[in-house]
Every structure is written in structure tokens, then in C-alpha cells.
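Please look through the sequence and the structure below before reading on. The paragraphs that follow begin with one pair of residues and then widen the view.

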Amino acid sequence: MTRPHRATQSPSQQPGSLDVAKDSSAHVTIHIAVALAMILAVFSIARLTTDPFYWIGPAAIAVFLETIGLVCRRHHWDHAEVQGIQAILVVIVAAAAGGVSASGSPGMFPINVLHLYRDTITVIQTTTGPLPPSIGVIWLATTVVGILTVLTDLLTITLERPGWSLAPLLAIHLVAVLAATDGTPWWSFALIAAGWLIILTVDHALSGGGPLAWLTAAILTVIVIALATILATIAPVWGHIDLSRPGANPSAPVRMSDPTIDLRRNLHNTSTASIISYTTNAPDGEYLRTTSLPKMTDRGWGLIPVDLQRTAPGTVPGLSGPSRSHTVDVSITKFSSQYLPAPYGPIAADVDQTWAWDPQSLTIVSTSADHNRATTDMQYTISVQAPDPDPATFDNAIVGTPDNAVYTEAPATIPSDIRELTHRITEGKSAPVAKAIAIQNWLRDSARFRYDINAPEGDGYQVLENFLLRTRRGYCIHFAASMALMARLEGIPSRVSVGFLPGTRDGNTWKVSARQMHAWPELYFQDYGWVRFEPTAAVAPAPAWTTKGTATHSTSPTPESSPTSSAPTPASASPEPSRAQTPTPTTRPVPIDNASHDNSIWAPLVAVLAILVVLTLPMLIRILIARRRMTSGSIAGMWREVHDLWIDHGLAWPDGTPRHLADALATDMDPTTAAAITKLALGEERDRWSGRDGSYDTMIDDLHTVREWLAHAHTPRPHWLARWMPTSLIKR
């Protein structure tokens, strides 16, 4: 693109009638093209979040920055100055918006902004599905789009390389590709391509192109959309596990989705309407499990491939000790899933042949074509044989050996501070059950932890480290994943189960709402198999077998609605067991050195800020000096500015009077620039001999002409380096 010339020349110097009016129109058009391309890029990541208003902040900052750029350039600001102002505004907007968004985070500004940034990054790194509405995500997206808008402006307008603008646009699309759990739709890349083609088309038109530009853009758009559709079709699907389908065609897998996606969505559901109802003879109701997550990695707990079978297993793995057999009648109305909610452990169910069983975890999975909606409007009866440990004898249970070694894997990459914390909690405990109860009770301490469904999502190492050692706020997945991880570190097989709390009793029927979805840990003991524990004190009491010497049952273990970030357990919930009922660990409270964690955050931040200051301070100082010289209108100041521009670009400044200097400098200049430099030199010489410092506003245009020539000339130091690292500040 031929850069739109600023109206610094007099009308007599400008060719034809294209002067100021067309120049202003060019500025407006190219800025609109950049802003529109960024807005289209923002909409390309629509599937990454469930928030329908996520785009407002990112789109607003793109329009704002391009408006500022347009105004500055129409007022004769240098391109480097425009870029600097835009960058400063991005920092100001990010800091101000971050301070407002982080008002609920611990600490004062800017500490709370650091917490917001850390929590938001953790959410993005550990979430495998669409992000729920989050002010932190909007804030981060707005900041990133602001930075990329400045970069796109730099490439398209300042450096006159509109083709390179594809890089920042693709950076936004790359986020959509890497975070997608079910493939990237073709229209996502098509929006990026459309934005890029808009920039190229406008550039071609401003460079003198005719109707061919629009025809070429239309052809390229069709080609790009076609390629995007093909790529989206063949792209792999991430975030799922394929389980072998039972039957004659084992090569056709059943695609299993992450159950924690439903968990996050349902916990934020404000409706109290019943979605599941059931009848049981259990006095405390039933935990309705959907599936279990056995595999632990640095990104969290997940599924593993298994072989499904059509017939119910008939027995519960590892269960040979005390148990309780009964049946449960379940009716589902408004819950759609490929997993069948059932109490653990199910040994039979009156369901059709589209349902299959995982013999290890006893998860019941739909293999139908529409398996994600298989549970809608279902009624069924489940036969259950549940472990029923006796509190008086369960303390003597020893660790069992599950059929799959995945339940005992404790990767070496588990953070050392979590290992040390676990060992301090279980210090003095030798029996496996005693260690498990110590971990459960430590997590159930309401003076230590706060239940908060708005806490950062995920259950990977970073999230759990943050939960256990820093913020101490989270919801059920954090408590369950933490206990399962700690149990593994103590040599106890573990897994995280996802399902529903027992719900609320209504006569002989129990009713469960969507927001009562829950996660809890299960540990494996010899003769008992998988035994449920409950570290989330805010929503349910501890199991009777972990509270030796207390009443075995409570009347209503589940709240009517999930606690919020600031609310205690609702009145409708049964009270949490008192300190007397829930024994606290015999070990002293574990001290946490928060200072070291704060330092680990501050160190890189301070380093980055220091680097940014070092890189931008010379340019800002040089800009202030230049603007002071130009606004004063002083001939001496403007001649000094010409000298400094020469030094900044690595050019030698000759000796002699201003008149001789002008002759030497104008050797390789075009006539217009040569006339401008001569006019400045004569004005400087005249003022020297007259003994006064004259002020000539008309010569500002001549100075702009010289600066424009230098910006396009091949100099030892390129123009961008002359602007960012001006040597005239230290060299005279």
C-alpha cells in the first residue's frame, strides 16, 4: 500500500486534485478495514465461551484504538508516535479494566490484578470445554485483542505490509484451534480470511487498483472458505476419549466427552427445578454417579479407553466385605447425557441394549447414535450393591489393588509443595484409612477453605496448587481432585467421580436439581472396593464411616441449592458436622509460605515491566523533545531537530554553515525535500546573523517533509530503529 500522505505539503506542491480530501478518505478507509478485520477475528472464537456478550470488550478496544490512530494521523503525528500512543492506551485500559474486574480478588491493586491474571490463565490452560461467562476471560481477551490491533496497525499502515497482517489475525484463530474440544468450524477461519481480504482489498484500492481488486477478493474468498470447510472436516477432534463399542463392529468407537463440562455448567444453573427424581430405602438418599475419572496428569483428571460389554457385570469390583443391596427407581426429565446416573455400585439395570457397561468402573454408557441425549425422559430401575463400611472396624482396612494400574499412578511431575503438604497433613498416621480421613478433615475445615463456584476451573496441578496453597477457595472438583491426588501420594488408589448429590427429600421421593451436580473422591481398600469420601464440607456431611463415634445418618445431607462464593450453606441444607462430630487432624495446622508464591509472581512481572520501560523510555523522551521543538515554532529548535533526525538514522552530519550543510544534505534528495531543507537552513542562518530566535510556523511543514523523506530513505539505521532507539539522546 502507498501510505496515505499527511497533508504537510502546500496545495501547490501536491499533484492534481487528490490533496487533502482524498488523503483523509484514505486514512479513514484503511483504519476502518483494520478495525473490521479485528472484529471479525473476535467473532471467530465465539465457540470458546458460552458468554454471548464476550465480544463487546475486544471489539470496543479495536474500534477505540483505530479511532485514536486515525485522529492522530490526521493531525500530522508520526507513525511511531501513533504506535506508542496506542500501546500506552492498551496498557492503561488493561490496567483500569483489570482493576475493576479484580475488585473481588484478594489484595489491593495491582495485587488483585495479578490474581485475576493468574486465575484466568489457569482457567484457560486447564479447561477442555467452552469457558463459562467470566469477567477475567473478557478482560484478558480485550487486552490481547488490543495488543494485536496495535500490531495489525503497525504492519498494515506504518510498515506498509498489509499482507503481514495475517499473522496477528491468525494468532487469534490459533487460540480457537488449540482450545477447541470438538473441532474448529469452517466459518471460524473464514472470518479470519474475510478480515484479511478486506485489508488487502482496501490497500489495493488505495494504491490505485480498480475493479479487479474486488473481483480478486471475491475469488479468493470463495477459495479460502472452501479450504476452511475441508480443513474443518478433516481436523481431529480433541477433548474426548474413544471407548470400544461392544458388538460386531469393534472398530466403531463410542466417543466419550469430559463429564466435568456438564459439572461446570450445571453448578452455575440458577434453576431449582427438579431434573431427576428417585425412590430408595436408603435413609440419606443416594449419590447418583455418572462416571469416574481415573487418569491423573498435569492437566487434570480424565477418562481412559476401556472395553464396554452389553451385559451387567453382576458384581462390584473388589467388594467382598460389608455391603448393602437394594434397588433404586429413577426418573429423568430434563437431563441429557450419555452416562446413566446410578448409585455405586450398580450390578443390574432394566435398560435396553443400547446401553453398555464398563466392568471396571461400573459406568453405564449409551452406544446409541444420539447418545448425548440418551437419558432424556428415561425411567429405569437400578439394582445396587454398595459398600457399607462399619465405622468401628473400617479403620483397620488396608489398601487394595485395583485391576488397572492407572488408579495408583502418581507422576513425578506432581509439584513438590503438594507432596510436602500431603506428608505434613498425614504426619503421625500409619493406617491408610487414618491418612485418608486426615486429608478429608483437613480439606473440610471451613476456617481454612471457602466454597466458591466462581473459583478458577480445572483440576490440573497448577489449579490444585493454587487452591491448596494460595487462594484456599474452590468448589467440589477442587476438593475432590485434591483429596484424590493426596491419596495417591500416600499410596492409596483413587479416582474422582462425577454425578449428583442425593438431593432433597419430598415424601418418599428424592428430587435432584441441575445445580446439585457434584464431584467427590473414591478410594480403593481391600474387601471394600471403591469407598466414597466427602471433602467438600459446604455441600454435604462426611460419610458415616469417616466419623467414628458419631450418628451414622443425618436427615438431609444435601442443600437445596449450591452455595455461592460468599454465602454459607443454605438453611435448607443439613448443617455441616460440628467440630466435635468431624474430628480435626491431630497434627498442627500446616503453615503456608505465601510470600514465596507472591515473589514467584512478582519476579517475572517486574522483569517484564523493566524491559518494557527500558525499550520504550528512549522513544518517549525523544518524542517529547521533538514535539516541544515543533510546537514552539522556533527555527533553532527545528534545525536542531533536523540534526537529531540525521543522527538517529545513522547519517553523518557535515561541518559548515547552515547554507553549506543544506547543500551537502540535499545531494540525494528529491526537489521538494531539497527545497524544504534549504528553506530551514536559510531560516537558521538568518536567525544566527540577526541575533534572535525567530518563530516561523510555516516551516513546520518543511520539517515534516524532511522527516517523511528520512522515513522512506535507505539509511544505516532503519526508521523503526531510529524511532525506538534514538542515538541523538546520547550523541551530539
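Which residue in β14 is the bridge partner of Thr-291? In this predicted model, the partner that Thr-291 meets in β14 is Val-498. That pair can be set beside the pairing of two strands, since strand β4 (residues 288-293) and β14 run alongside each other in the antiparallel sense, joined over five bridges.

Strand β14 has a further partner to consider. With strand β17 (residues 517-525), β14 also pairs in the antiparallel sense, here over seven bridges, and in β17 it is Trp-520 that stands opposite Ser-497.

How many of the seven residues of strand β14 (residues 494-500) are buried? Seven of the seven are, and the strand is accordingly described as mostly covered. The cover extends to both faces of β14: on one side Ser-494, Val-496, Val-498 and Phe-500 are buried, and on the other side Arg-495, Ser-497 and Gly-499 are buried as well.

It remains to ask how confident the prediction is. The protein chain has an average pLDDT of 77, and 74% of its residues score at least 70. Confidence is highest in strand β18 (residues 529-532), at a mean of 96, and lowest in strand β1 (residues 240-244), at 45. The pLDDT is below 50 over residues 231-245, although this stretch has 46 contacts in the model beyond near neighbours in sequence. Over residues 247-253 the pLDDT likewise stays under 50, and there the model has five contacts beyond four places in sequence. Where pLDDT is low, the predicted coordinates should not be read in detail.

Notes: Residues are numbered from 1 along each chain as its sequence is written. This is a predicted model: local features need pLDDT of at least 70, side-chain atom pairs count only at pLDDT 80 or more; totals for chains, interfaces and linings use all residues. Side-chain values use heavy atoms; hydrogens and water are left out. pLDDT is the predictor's confidence in each residue, from 0 to 100. Helices (H or I, at least four residues) and strands (E, at least two) are DSSP runs, numbered from the N terminus. Contact means heavy atoms within 4.5 Å. Buried means under 20% relative accessible area, exposed over 50%, partly exposed in between (1.4 Å probe, protein chains only). Two strands pair if DSSP finds at least two bridges between them.
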